[in-house]
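Me: I'd like to go through this one with you slowly, asking why each label applies. Could you set the values against the cut-offs as we go?

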Amino acid sequence: MKRLLPFVLAALLLPLLASAADVASYTLTLKDHRYQPSELRIPANVRIKLELINQDPSPEEFESDDFPAEKIVMPNSRTSLFIGPFKPGRYRFYGDFHQPTAQGMLVVE
Ligand SMILES: [Cu+2]
C-alpha cells in the first residue's frame with residue numbers, strides 16, 4: 001500500500017489540477033473608469049475566470065444585478081473572480097463606484 005500511495009494521490013489530484021486549468025480566463029481592463037472591452041463574449045454553460053485589471057488611480061467595484069458578482073479591485077492593481085455558468089444571453093455589469101461610465105455587457109453565446 002505504501003508504494004501505491006503516490007499513484008493514488010496522483011489519480012486523485014490530477015483531475016483537480018486539470019479542471020482548474022480548464023477554466024478559461026477572460027480579462028476586463030478598467031481605464032478612465034471604463035471597461036475594456038465593454039462587451040465581453042464568453043461561452044455558455046461554463047464557469048470562467050474573470051481577471052480584473054484596474055489602471056485607474058481609484059478603486060472600483062465590479063458588480064452586476066444580472067448575476068452574482070461583487071469584487072473590489074484596488075487602484076493600479078488586479079484581482080480575479082469566477083463567474084457562471086450562464087445561459088446564452090446578455091448580462092449587464094458595471095463599476096459600482098463610477099456607474100456613469102463604467103458599464104459593460106457579458107455576451108454569452
Ligand atoms: Cu457594490
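Reply: Gladly! This is a predicted model, and N54 is a good place to begin. Leaving aside neighbours within four places in sequence, N54 is in contact with L30, P59, E60, V73, M74, P75, N76 and S77. N54 itself sits in strand β4, residues 48-54.

Me: Why is N54 called buried?
Reply: The relative accessible area of N54 is 2%, and the label buried applies under 20%. Since 2% falls under that limit, N54 counts as buried.

Me: What makes the pair of N54 and M74 a polar contact?
Reply: A polar atom of the N54 side chain lies 3.3 Å from the backbone oxygen of M74. The limit for N or O pairs is 3.5 Å, so the distance of 3.3 Å fits within it.

Me: And P57, which loop is it found in?
Reply: P57 belongs to the loop between β4 and β5. Not counting residues up to four places away in sequence, P57 touches P75 and N76. Its C-alpha is 8.4 Å from that of M74, with the two positions 17 residues apart in sequence numbering.

Me: How do you know whether P57 is buried or exposed?
Reply: P57 has a relative accessible area of 72%. Exposed means over 50%, so P57 is exposed.

Me: Now the metal. What makes E61, E63 and D96 donors of the copper ion?
Reply: Their oxygens, OE of E61, OE of E63 and OD of D96, lie 1.9 to 2.2 Å from the copper ion. The cut-off for a donor here is 2.8 Å, so these distances meet it. In sequence, the spacing of the donor residues is E-x1-E-x32-D. E61 and D96 link distant parts of the chain: E61 is in strand β5, D96 is in the loop between β8 and β9, and the two are 35 residues apart.

Me: Why does D96 count as partly exposed?
Reply: D96 comes in at 27% relative accessibility. Buried would need a value under 20% and exposed a value over 50%, so 27% puts D96 in between. E61, by contrast, is buried, because its 10% is under 20%.

Me: How do you know that β5 and β6 pair?
Reply: Four bridges join β5, residues 60-63, to β6. Pairing asks for at least two bridges, so four is enough. These strands run antiparallel, and a hairpin of six residues joins them. Within the pair, E61 stands opposite I72 in β6.

Me: Where do these strands sit in the sheet, and what makes a strand an edge strand?
Reply: The open sheet has five strands in the order β3-β9-β8-β5-β6, with mixed pairing. Its edge strands are β3 (39-42) and β6 (70-73), and each of them pairs on one side only. From one strand to the next, the twist averages 20 degrees.

Me: Which residues is H98 in contact with?
Reply: Setting aside neighbours within four places in sequence, they are H33, S58, P59 and E60. H98 lies in the loop between β8 (89-95) and β9 (103-108). The side chain of H98 makes a polar contact with the side chain of H33, at 3.5 Å. The polar-contact limit is 3.5 Å too, so this pair stands right at the cut-off.

Me: Why is H33 called partly exposed?
Reply: The relative accessible area of H33 is 23%. That is not under 20%, and not over 50%, so H33 belongs to the middle class. H33 is in the loop between β1 (25-31) and β2 (34-36). Beyond neighbours within four places in sequence, H33 is in contact with D56, S58, H98, T101 and A102. With A102 the C-alpha separation is 5.3 Å, though the two are 69 residues apart along the chain.

Me: How many helices and strands does the protein chain come to, and what share of it is buried?
Reply: One helix and nine strands, with the helix placed ahead of the strands from the N terminus on. Of the 109 residues, 34% are buried. The chain exposes about 6800 Å², and carbon and sulfur atoms supply 60% of that. Among contacts between residues at least 6 apart in sequence, 59% join residues at least 24 apart.

Conventions. Residues numbered from 1 in each chain as written. Predicted model: local features only at pLDDT ≥ 70, side-chain atom pairs only at ≥ 80, totals over all residues. Heavy atoms only, no water. Axes fitted to C-alpha atoms, helices over the stretch in contact; angles between N-to-C directions. Polar contact = N/O pair within 3.5 Å; in protein donor to acceptor, adjacent residues only side chain to side chain. Contact = heavy atoms within 4.5 Å. Buried < 20%, exposed > 50% of the residue type's maximum accessible area, 1.4 Å probe, protein only. Areas by Shrake-Rupley, 256 points an atom, 1.4 Å probe, with all protein chains shown as cover. Donors = N, O, S within 2.8 Å, 3.2 Å for Na, K, Ca; no water.
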